[in-house]
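Please find below a short note prepared for colleagues who wish to examine this entry. It takes up the metal sites, the nonpolar core and the principal pocket in turn.

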Amino acid sequence: MPVAGQCLCGAVKIAVEGNALGGRTCWCRTCQKFGGGNGTTNAFFRDEAVTTEGELSWYENIADSGNITRRAFCSNCGSHVFTMGSGAPGFRGIRVSMFNDSNAFPPQAVIWTESAPSWAALDPTLPHFPKAPPPPSQQDR
Ligand SMILES: [Zn+2]
Ligand SMILES: [Zn+2]
C-alpha cells in the first residue's frame, strides 16, 4: 500500500511505496530558513518509489555540505515537497509534513546539530551528527 499525502492547499499530491531508507531531521541553516526556524524532517526514498501530481516549483542552491541541492515546493501554497541532492543521486528526501499521517516516517538521526540554535529540542535518543552524515543507503534503514 502506498503512503499518501498532500501539501497545505492540496494542489500537490504525493505517494511513496515501500519503507523509507532512513529519515533525518536537518538543522543546517538552509533548512532553518524554509523550516520557519526549526530544522526539516525528511524521509528518504529511491526516485522510482515516489510519485507526485500537481505543479512543482524548484529552488536550487549549494547546500552547507557543498552539494548542489534541488528543492521542490508547491507553486500555489509554497509547502515543501521534497529535496534531491548531488550527494545522494537517485534518492529523494520527502518532507514528512507532506504525509497525511505525520507519524508515518519518524526521523532516525539528527544532522547539522552544530548549526542548531541553543533553544532547539534535539531528540537525545537519536544519533547526532554535527554536520552531514553519509548519504542514505539500504543500510540506513
Ligand atoms: Zn499547495
Ligand atoms: Zn538541512
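The numbered points below concern a predicted model.

1. The first matter is the zinc ion (ligand 1). Its protein donors are the SG atoms of Cys 7, Cys 9, Cys 74 and Cys 77, at 2.3 to 2.4 Å from the ion. The angles among the four donor atoms run from 107 to 114 degrees, and the site is tetrahedral.

2. The sequence spacing of these donors deserves attention, for it reads C-x1-C-x64-C-x2-C along the chain. The pair Cys 9 and Cys 74 links distant parts of the chain, being 65 residues apart. Cys 9 belongs to the loop between β1 (3-6) and β2 (13-16), whereas Cys 74 is in strand β7 (residues 68-74).

3. Are these two ligating residues buried or exposed? Cys 9 has a relative accessibility of 35% and therefore counts as partly exposed. Cys 74 has a relative accessible area of 2%, so this residue is classed as buried, the cut-off being under 20%.

4. The zinc ion (ligand 2) has as protein donors the SG atoms of Cys 26, Cys 28 and Cys 31, which lie 2.1 to 2.2 Å from the ion. Here the donor residues follow the spacing C-x1-C-x2-C in sequence. Cys 26 is buried, because its relative accessibility is 9%; Cys 28, with a relative accessible area of 7%, is likewise buried.

5. Turning to the interior, the largest nonpolar core comprises 19 residues, and Phe 45, Ile 94 and Phe 105 touch the most other members. Two or more residues of this core come from each of β2, β4 (40-46), β7 and β8 (80-85).

6. Which residues surround Phe 45, once its neighbours within four places in sequence are left aside? Its contacts include Val 16, Glu 17, Gly 18, Asn 19 and Ala 20, together with Val 50. Further contacts of Phe 45 are Gly 90, Phe 91, Arg 92, Ile 94, Phe 99 and Phe 105. Ile 94 and Phe 105 thus appear both as contacts of Phe 45 and beside Phe 45 among the core residues that touch the most other members.

7. The largest pocket holds about 510 Å³ of space. Its lining consists of 28 residues, and those nearest the centre are Phe 44, Ser 65, Asn 67, Thr 69 and Ile 111. At least two lining residues are supplied by each of β3 (23-26), α1 (29-34), β4, β7, β8 and β9 (91-95). Of these elements, β4, β7 and β8 also give two or more residues to the largest nonpolar core.

Conventions
Residues are numbered from 1 along each chain as its sequence is written. Chains are lettered from A and ligands numbered from 1 in the order in which they are written. This is a predicted model: local features need pLDDT of at least 70, side-chain atom pairs count only at pLDDT 80 or more; totals for chains, interfaces and linings use all residues. Side-chain values use heavy atoms; hydrogens and water are left out. Donors are N, O and S atoms within 2.8 Å of the metal (3.2 Å for Na, K and Ca); water is not among the atoms, so sites may look incomplete. Four donors count as tetrahedral if all angles lie between 85 and 135 degrees; four count as square planar and six as octahedral if opposite donors are over 155 degrees apart and all others between 65 and 115; anything else is irregular. Helices (H or I, at least four residues) and strands (E, at least two) are DSSP runs, numbered from the N terminus. Buried means under 20% relative accessible area, exposed over 50%, partly exposed in between (1.4 Å probe, protein chains only). A nonpolar core is a set of buried Ala, Val, Leu, Ile, Met, Phe, Trp, Tyr and Cys residues joined through side-chain atoms within 4.5 Å. Contact means heavy atoms within 4.5 Å. On a 1 Å grid over the protein atoms alone, a cavity is a set of points where a 1.4 Å probe fits but cannot get out, and a pocket is an open set with protein on both sides within 12 Å along at least five of seven lines; lining residues have an atom within 4 Å of a point. Grid points are joined across faces, edges and corners, and a volume is the space filled by probe spheres set on the points.
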